[in-house]
Amino acid sequence: MPPSQALLHAAVFALTVLQVLASDTFIAAVYEHAVILPDATDEPVSPGDALALMNKNMDVLEEAIKEAAKQGAHIIVTPEDGIYGWRFTREAIYPYLEDIPDPAVNWIPCTDPTRFAPAPVQERLSCMARNNSIYVVANIGDKKLCNSSDPSCPSDGRYQYNTDVVFDPEGKLVARYHKYNLFRRETQFNYPKEPEAVTFETPFGKFGIFTCFDILFREPAVVLVSELQVDTVLFPTAWMNVLPFLTAVEFHSAWAMGMGVNLLSANTHNISLAMTGDGLFTPEGPAVYHYDSGTEEGCLLLAELSARPRLSATYPPAVNWSSFATSIKKFPGEKDTFLGAVRRDIFTFSELRHKAGNYTVCQGDLCCHLIYRMANKSKDEVYVLGAFDGLHGSLIKYHWQVIGFVGLSVGSICLHPNHPKTLVFLHCKNFSYNQIQLLIVESLAVLCLSVLSDGRLKSKHGTSKPLVTATLFGRLYEKDLPHPLRTSP
């Protein structure tokens, strides 16, 4: 780069930093990307073919990055698997991987691409950040050679990691995160030996980063927030929506509200796999979100967020989640209950037989009480209140507590379109509120609830808004089984 261009870039970068420092807010962007997928194969393609596929995806991402920068964004997050897709074998993904160095090396791939092994993807991402004076967050694959003397070294002599990278507005690599909690299908990747708590400072707050399935676990997700006190979490994800819980928009918004931080959630978009739903979420609720199960289009979202939400005058006050529940001597559980499976988890259900009433459902020591009323209930509709308290998962088992209110059509597992109109009060006894998740689906949108000081949840909408399902999701991390660390599929 000629000296004059370098000076100009430095001046632009310095001006950007000064502008951000002068404000208590920043503009964030996420891009939901309809990934261009490779042909399905168990055999590795050539490095050239792999790079050609990745460049097609990066062409799309670059346009989104340019547009975000044009609209004033200081940072943009792109999705997990957003550059090459998913469903690889361990061997087939290898041509798509690069050796990603520790950010401590102080490297700008855009201006020094030959300093390490060839890294055309990192070089291009670095240039996208540098040329647009914006932080760029992307998900790629990292490969690391290992020695056969290492007892955990895979038989092919290398570790392969699902990896997030962050480049600053100068194009410098400032963060690298290896995903610790791999989803059951990610057999192409290794777990890092220890969970990584990755943070970095920006002119607009302290940032942390993790990937998709990590959000369900104490390490690294809760550690970043509660121990390292980050202001904003960067969250590349490939999230498959699962009703009545684990839906992207509702879960991610609830996590940001429950943990008291900004969450920049960027999802992949593939409607055949129910992958959609992303947004910019704050402790006060979603700033902006997107859910589209009808088209194959990507979507760019931007919003202005508080740089340090804990210092904001509107930061939500502390709530004593259990004070009301513990003031009740005993929740009278419903006698006429039945068991039902939701994705292999056995729930205890109680049917809501009337248009209004008080119902309690318990499983073990977990009890939840619902005060409700509904409108337009027809004869072919069934509404239930259910509870689950136990281990969930296949490869990784973790302890969760779920309270769900679900409307069904008789003879069907599908949610019925003619659903109740309001949820009034919901409160639980012995519920784990150390990480409360308020998961509310309202026609696949976020329902506004008032959280009362004693822990009750009250609908803000009255009878004006329909409700498909409402779910409370809690985690008991201390009851999780040990993480199944492994270094080979």
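**Group meeting: two sheets and their helices**

Good morning. I shall begin with a sheet of six strands, which is open and follows the order β6-β7-β8-β9-β10-β11, with mixed pairing. The strands at its edges are β6 (198-202) and β11 (285-290); each has a single partner strand, so one side of each is left without a neighbour in the sheet. From one strand to the next, the twist averages 15°. Please bear in mind throughout that this is a predicted model.

At the β6 edge, the pairing with strand β7 (residues 205-209) is antiparallel and extends over five bridges. One residue pair can be named there: E201 has K206 in β7 as its bridge partner.

What packs on this sheet? Helix α5 (residues 248-259) does, and it touches β8 (232-237), β9 (262-267), β10 (278-282) and β11. The direction of α5 makes about 20° with that of β10.

Helix α4 (residues 218-227) belongs in the same part of the account. Its buried residues are P220, A221, V222, V223, L224 and V225. These buried residues of α4 pack against β5 (173-178), β6, β7, β8 and α5. After α4 comes Q229, which has a positive phi, near 55°.

I turn next to the loop between β9 and β10, where N270 is located. Is N270 buried or exposed? Its relative accessible area is 12%, and the cut-off for a buried residue is under 20%, so N270 counts as buried. Apart from neighbours within four places in sequence, N270 is in contact with L37, W86, M275 and E296. In addition, the C-alpha atom of N270 is separated by 8.4 Å from that of S293, a residue 23 places away along the chain.

Now to another sheet. This one is also open and has six strands, in the order β5-β4-β3-β2-β1-β12, again with mixed pairing. Here β5 and β12 (299-306) are at the edges with a single partner strand each, so one side of each is left without a neighbour in the sheet. On average, and with direction ignored, neighbouring strands of this sheet are turned by 30° against each other.

Let me go through several of its pairings in turn. Strand β1 (residues 25-32) runs parallel to strand β2 (residues 75-77), and three bridges join them; A28 has I75 in β2 as its bridge partner. Between β2 and β3 the sense is parallel as well, over three bridges, and I76 stands opposite V136 in β3. Between β3 and β4 the sense is antiparallel, over ten bridges, with K143 opposite Q160 in β4.

How many residues of β3 are buried? Eight of its eleven are, so β3 is largely enclosed by the rest of the structure. Helix α3 lies across β3 (135-145) and β4 (158-167), and runs at about 160° to β3.

Helix α3 also has a helical partner. Two packed helices are described by the angle between their axes and the distance between the axes. For helix α2 (residues 47-70) and helix α3 (residues 120-132), the angle is about 15° and the axes are 10 Å apart. Why may α2 and α3 be called roughly parallel? The term applies to angles under 35 degrees, and theirs is about 15°, so α2 and α3 qualify as roughly parallel to each other. The crossing in which α2 passes α3 is right-handed.

Which residues meet at this contact? From α2 they are L51, M54, N55, M58, D59, E62, I65, K66 and A69; from α3 they are P120, V121, R124, L125, M128 and N132. The residues of this contact of α2 with α3 divide into nine nonpolar, two polar and four charged.

One further strand deserves attention, namely β17 (residues 381-392). Nine of its twelve residues are buried, so β17 is largely enclosed by the rest of the structure. Strand β14 (residues 345-351) runs antiparallel to β17, joined by four bridges, and F349 stands opposite G386 in β17.

I close with the chain as a whole. The chain holds six helices and 23 strands. Of its 489 residues, 55% are buried. Among contacts between residues at least 6 apart in sequence, 71% join residues at least 24 apart. Thank you for your attention.

Terms used:
Residues are numbered from 1 along each chain as its sequence is written. This is a predicted model: local features need pLDDT of at least 70, side-chain atom pairs count only at pLDDT 80 or more; totals for chains, interfaces and linings use all residues. Side-chain values use heavy atoms; hydrogens and water are left out. Axes are lines fitted to C-alpha atoms, for helices over the stretch in contact, and angles run from 0 to 180 degrees between N-to-C directions. Helices (H or I, at least four residues) and strands (E, at least two) are DSSP runs, numbered from the N terminus. Angles under 35 degrees count as roughly parallel, over 145 as roughly antiparallel, 65 to 115 as roughly perpendicular and the rest as oblique. A crossing is left-handed if the near helix is turned anticlockwise from the far one by less than a right angle, and right-handed if clockwise. Contact means heavy atoms within 4.5 Å. Ala, Val, Leu, Ile, Met, Phe, Trp, Tyr, Cys and Pro count as nonpolar, Asp, Glu, Lys and Arg as charged, and the others, Gly among them, as polar. Buried means under 20% relative accessible area, exposed over 50%, partly exposed in between (1.4 Å probe, protein chains only). Two strands pair if DSSP finds at least two bridges between them.
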